[in-house]
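Thanks for sharing this one with me. I have put my comments together as a short list, and I hope they are handy while you look around.

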Amino acid sequence: MSIEQRVFSGVQPTGNLHLGNYLGAITRFVALQEDYDCMYCVVDLHAITVWQDPEELRHNTREVTAAFLAAGIDADKQIVFNQSQVSGHAELAWIFNCVARIGWLNRMTQFKEKAGKNRENASVGLYAYPNLMAADILLYRATHVPVGEDQKQHLELARDIAQKFNNDFATSIKAKGHGEAFFPLPEPLITGPATRVMSLRDGTQKMSKSDPSDLSRINLADDADTIAKKIKKAKTDPAPLPESEAELEDRPEARNLVGIYAALAEVSPREVLGEFGGAQFSAFKKALTELTVAKIVPIGDEMRRLLADPDAIDQVLAAGSEKARAIAEPNMAIIKDIVGFIT
Ligand code: AMP
Ligand code: TRP
């Protein structure tokens with residue numbers, strides 16, 4: 001059976017959508033819709049691996065959806081939906097809980113970071129989360145997965161799970177007429193100049209939704225004054241900007257700001273240094289503020305406009321979920337048949 005190309009990615013509705021999410025993921029999602037059939041999922045089942053206030057979860061789910069639409073994802077042509085409306089994600093995740101090995105999950109660095117010192121007290125869901133992520137992708141037999149750098153290890157695990165399922169059930173897959181392998185090995189698409197946007201307060205830490213300091217990130221919902229204040233306060237070093245990229249090597253804060261500028265202006269870091277090499281940070285920060293405000297504030301405005309009508313957003317998700325179920329349900333029926341469940 002030939003496998004069609006399909007893009008799948010997900011964003012968690014956990015609040016504080018930021019410039020890293022936008023440059024590392026959402027702008028990529030927008031670009032890929034030119035060439036692929038795409039599915040963009042608000043992964044609420046992932047969000048509850050850490051406790052979420054129910055009202056905030058609902059709001060955050062709508063906010064991520066609004067960000068997708070405001071950034072230019074076409075919900076009529078592509079599939080925009082939320083995970084919990086398609087039961088196949090949870091069903092396939094259970095099967096994958098039985099395919100993936102404990103040793104594989106024990107290697108996941110994100111779990112170690114998120115669970116912190118008190119690992120005994122982390123939810124079982126947080127531990128099994130990469131299996132759910134593999135299920136998200138493979139439920140639709142998606143072939144390409146745009147993500148930021150931090151998700152690379154989870155994507156590798158998804159490939160291992162796909163391969164082990166194909167091996168474990170090889171005889172059944174063949175007997176049922178599905179060829180040599182049922183699941184494709186999904187390819188990560190970690191591209192662009194901003195696959196890892198760093199904190200504005202510390203160039204060695206990733207920009208993150210959960211950083212307690214709001215000054216560490218630029219949120220898509222920030223207004224112009226807030227953006228200006230955050231860039232002004234962004235950590236830098238005393239030297240002027242260098243002329244070459246090589247000289248950014250051991251200057252994490254400078255490198256991050258140049259990377260952000262390059263990504264927003266859609267030019268290379270080399271071109272940015274061609275323009276600003278030798279300049280003081282004060283001048284560069286002024287230009288960066290103007291650019292960031294010009295690119296981000298209109299998205300925040302459009303998100304607010306969309307969020308003023310939550311019913312309309314819910315309808316987008318309902319329609320997208322219906323389209324997603326139309327792909328998920330037949331695939332899930334085949335998967336159950338392969339595993340040996342009577343349907
Ligand atoms: P999350 O907010 O964890 O659901 O992430 C949603 C998407 O944004 C994923 O593809 C992440 O890899 C990406 N992402 C999150 N933080 C960053 C960052 N600091 N830089 C680049 N991409 C990011
Ligand atoms: N785990 C991803 C993150 O935290 C979100 C996600 C869930 C995802 N399911 C996915 C990304 C499937 C790509 C494909 O960023």
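The points below start with the ligand site and then turn to a few loop residues.

1. Please keep in mind throughout that this is a predicted model. The comments that follow are offered in that spirit.

2. Let us begin with ligand 2. Ligand 2 sits in the largest pocket. Two elements, strand 1 (7–11) and helix 7 (124–138), each give two or more residues to the shell around the ligand. Helix 7 provides the largest share of that shell, with four residues.

3. Which residues are closest to ligand 2? The shell has 13 residues, and the closest are Q12, Y129, M133, D136 and Q151. By character, the shell splits into seven nonpolar residues, five polar ones and one charged one.

4. The polar contacts of ligand 2 deserve a look with the side chains switched on. The side chain of Y129 places an N or O atom 2.7 Å from a nitrogen atom of ligand 2. For Q151, an N or O atom of the side chain is 3.1 Å from a nitrogen atom of the ligand. The side chain of Q12, in turn, has an N or O atom 3.0 Å from an oxygen atom of ligand 2. As for cover, ligand 2 taken alone exposes 370 Å², and the protein buries 91% of that.

5. Now to the backbone. Most residues other than glycine have a negative phi. N16 has a positive value, with phi near 55 degrees, and is not a glycine. You will find N16 in the loop between strand 1 and helix 1 (19–32). N16 counts as partly exposed because its relative accessible area is 31%, which lies between the limits of 20% and 50%.

6. E266 is another non-glycine residue with a positive phi, in this case about 55 degrees. The loop that holds E266 runs between helix 11 (252–265) and helix 12 (269–276). Is E266 buried or exposed? With a relative accessible area of 67%, E266 is exposed, because the cut-off for that word is over 50%.

7. Last, a loop residue that is hidden from the probe. Q83 belongs to the loop between strand 3 (79–82) and helix 4 (88–97). Its relative accessible area is 0%, so Q83 is buried, the limit being under 20%. What does the side chain of Q83 reach? The partner is the backbone nitrogen of D44, at 3.3 Å. That distance makes the pair a polar contact because the cut-off is within 3.5 Å.

Note on methods: Residues numbered from 1 in each chain as written. Chains lettered and ligands numbered in written order. Predicted model: local features only at pLDDT ≥ 70, side-chain atom pairs only at ≥ 80, totals over all residues. Heavy atoms only, no water. Near = heavy atom within 4 Å. Polar contact = N/O pair within 3.5 Å; in protein donor to acceptor, adjacent residues only side chain to side chain. Areas by Shrake-Rupley, 256 points an atom, 1.4 Å probe, with all protein chains shown as cover. 1 Å grid on protein atoms, 1.4 Å probe; cavity = no way out; pocket = protein on both sides within 12 Å on 5 of 7 lines; lining within 4 Å. Sits in = over half its atoms within 2 Å of the grid points. Nonpolar A, V, L, I, M, F, W, Y, C, P; charged D, E, K, R; others polar. Buried < 20%, exposed > 50% of the residue type's maximum accessible area, 1.4 Å probe, protein only.
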